[in-house]
Amino acid sequence: MISYNIYMFSMIKKGTEDMNIQKRTAYLLALALLIVALLAGCAGQVEQTAYQYGKIDLPGKEGALCNVPIYIAKEKGFFAEEGFDVTLVSSNAEIRKIGLNNGTMPIVNGDFQFFPSIENDVKAAVVDGLHNGCIKLLVPADSPINDVSDLVGCTIGVDEIGGTPHQVTSVWLEKNGISAKAEDGAVQFLPYDDGNLQIQALNNGDIDVAALWDPFGSVQEKTGDYRVILDLSTDPIFAGRYCCFIYASQKVLDEDPEKIAALLRAIHKAQNWIAENPEEAVQVIIDGNYSAIEDEALAAELIVHYEYPSVHDHAVNKQDVRSDVLYFAQELYNIGYLTTDPEAFTDIAYQNVDLALGQ
């Protein structure tokens, strides 16, 4: 195409030598249009080939600090370096499951709430860990509740029945000898689809405990009106384990594993950058309106608290992702949220990806 245009350019140039002014003007106009078309064609070729893997949508508009590596990989150009033109979109858990299942979302961030979905045949697998701890259980500052042993007979607010705060609380109760099953009546769970509604219910005495996602839980704690009785990042049952994972579409894993490897490389770069620049990461989040948190010092503290792994962590002190999947599969199996043998489930739900693919 380009060689043909160059040929036409030379022919038009030669023809103008013997033309009168009127015809020459017309030919020069045609030449200008040809040059514009040629440049546009070249630009189109550059645009089409600049991103090896083209355009993809990834979840990234939820405002949670859990998703900071996705924000940073977008803003700092790590996705682009690995060949992706990424658009961050809003999505709830159901949209993510659909995207994973049909391959329109090659990866998503998520917690072990997705484990039952995989058991129910959502075609996805855990391919990496994202970070540790991001849920807190709060009580009023003057509450007589101090630890898990005080929860018998209490009502606990969660975002949804079967959601991660509900599962976390259930595991915590069961590991400490208290049944979380509704039929046993040791505790009651009430769902609220907004954290502010949970706090209002806590203040009104409608619930005794609020199980909240960060940063909202930490923001409430900092007011001094509430105390934390469970911090997922420090409690012995959960500490040192990934609570949030990176899930990949099984369809994409089967058809284009190099794409998943490239996405994971971009996320690893982002995790490393966050580990080295937590305060600057907070500023990127605020400037990009990715989270509504206003307390920059608290946000930086939480980001450090989540222990996003650095390149060194990945290479030397590598946290065993499969082991964490198996651990939580076992705990969910123990409380009835999974029915598949934990080892068999982990064989299905976890897949190791060679990060060198496609390089």
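Modeller: A salt bridge is a side-chain nitrogen of Lys or Arg within 4 Å of a carboxyl oxygen of Asp or Glu. The structure discussed here is a predicted model.

Colleague: How many salt bridges does the structure hold?

Modeller: The count rests on pairs in which a Lys or Arg nitrogen lies within 4 Å of an Asp or Glu carboxyl oxygen. In this predicted model, the number of salt bridges is 15.

Colleague: Which side chain meets that of K269 in a salt bridge?

Modeller: K269 belongs to helix α11, residues 257–276, and the pair links distant parts of the chain, 187 residues apart. The partner lies in the loop between α4 (78–81) and β2 (85–89). The N to O distance is 2.9 Å, and the partner of K269 is E82.

Colleague: Is E82 buried or exposed?

Modeller: Buried means under 20% relative accessible area. The relative accessible area of E82 is 12%. K269, by comparison, has a value of 28% and is partly exposed. With its 12%, E82 is therefore buried.

Colleague: Which residues are joined into one network by salt bridges that share partners?

Modeller: K269 and E82 form a salt bridge. Both belong to a network in which salt bridges share partners. The residues joined in this way are E81, E82, R265 and K269.

Colleague: Why are K251 and E255 separated by about one helical turn?

Modeller: The side chains of K251 and E255 meet in a salt bridge, with 3.2 Å from N to O. K251 is partly exposed at 37% relative accessibility, and E255 is exposed at 58%. Both residues lie in helix α10 (residues 250–255), and the separation of about one helical turn arises because they are four residues apart.

Colleague: With which residue does R322 form a salt bridge?

Modeller: R322 is in helix α15 (residues 321–334), and its partner is in helix α16 (residues 342–349), 25 residues further along the chain. R322 is partly exposed, with a relative accessible area of 26%, while the partner is exposed at 53%. The closest N and O atoms are 2.6 Å apart, and the partner is D347.

Colleague: What distance separates the end C-alpha atoms of α15?

Modeller: The expected span of a helix is 1.5 Å times one less than its number of residues. Helix α15 has 14 residues and should therefore span 20 Å. The distance between its end C-alpha atoms agrees with this, at 20 Å.

Colleague: Against which elements do the buried residues of α15 pack?

Modeller: The buried residues of α15 include V321, V325, F328 and L332. The buried set also contains D324 and E331. These buried residues of α15 pack against α6 (115–119), β4 (124–132), α7 (164–175), β10 (242–249) and α16.

Colleague: Which residue has a side-chain oxygen that reaches the backbone nitrogen of R322?

Modeller: This contact is found at the start of α15. The oxygen comes to within 3.2 Å of the backbone nitrogen of R322, and it belongs to D320.

Colleague: How are helix α3 and α11 oriented to each other?

Modeller: Two packed helices are described by the angle between their axes and the distance between the axes. The axes of α3 (residues 68–75) and α11 come within 8 Å and cross at roughly 100 degrees. Angles of 65 to 115 degrees count as roughly perpendicular. The orientation of α3 to α11 is therefore roughly perpendicular.

Colleague: Which backbone oxygen does the side chain of S249 reach?

Modeller: S249 is placed in strand β10 and is buried, with a relative accessible area of 0%. Leaving aside neighbours within four places in sequence, the contacts of S249 are L100, G103, M105, P106 and K123. At 2.8 Å, the side chain of S249 reaches the backbone oxygen of L100.

Colleague: Which residue does a cis peptide bond join to D214?

Modeller: The omega angle of this bond is about 5 degrees. The residue asked for lies in the loop between β8 (209–213) and α9 (216–222). The cis peptide bond joins D214 to P215.

Colleague: What is the phi of N289?

Modeller: N289 lies in the loop between α12 (278–287) and α13 (296–305). N289 is exposed, with a relative accessible area of 67%. Although N289 is not a glycine, its phi is positive, at about 55 degrees.

Terms used: Residues are numbered from 1 along each chain as its sequence is written. This is a predicted model: local features need pLDDT of at least 70, side-chain atom pairs count only at pLDDT 80 or more; totals for chains, interfaces and linings use all residues. Side-chain values use heavy atoms; hydrogens and water are left out. Helices (H or I, at least four residues) and strands (E, at least two) are DSSP runs, numbered from the N terminus. Buried means under 20% relative accessible area, exposed over 50%, partly exposed in between (1.4 Å probe, protein chains only). Contact means heavy atoms within 4.5 Å. A polar contact is a pair of N or O atoms within 3.5 Å; within protein, one must be able to donate a hydrogen and the other to accept it, and residues adjacent in sequence count only if both atoms are side-chain atoms. Axes are lines fitted to C-alpha atoms, for helices over the stretch in contact, and angles run from 0 to 180 degrees between N-to-C directions. Angles under 35 degrees count as roughly parallel, over 145 as roughly antiparallel, 65 to 115 as roughly perpendicular and the rest as oblique.
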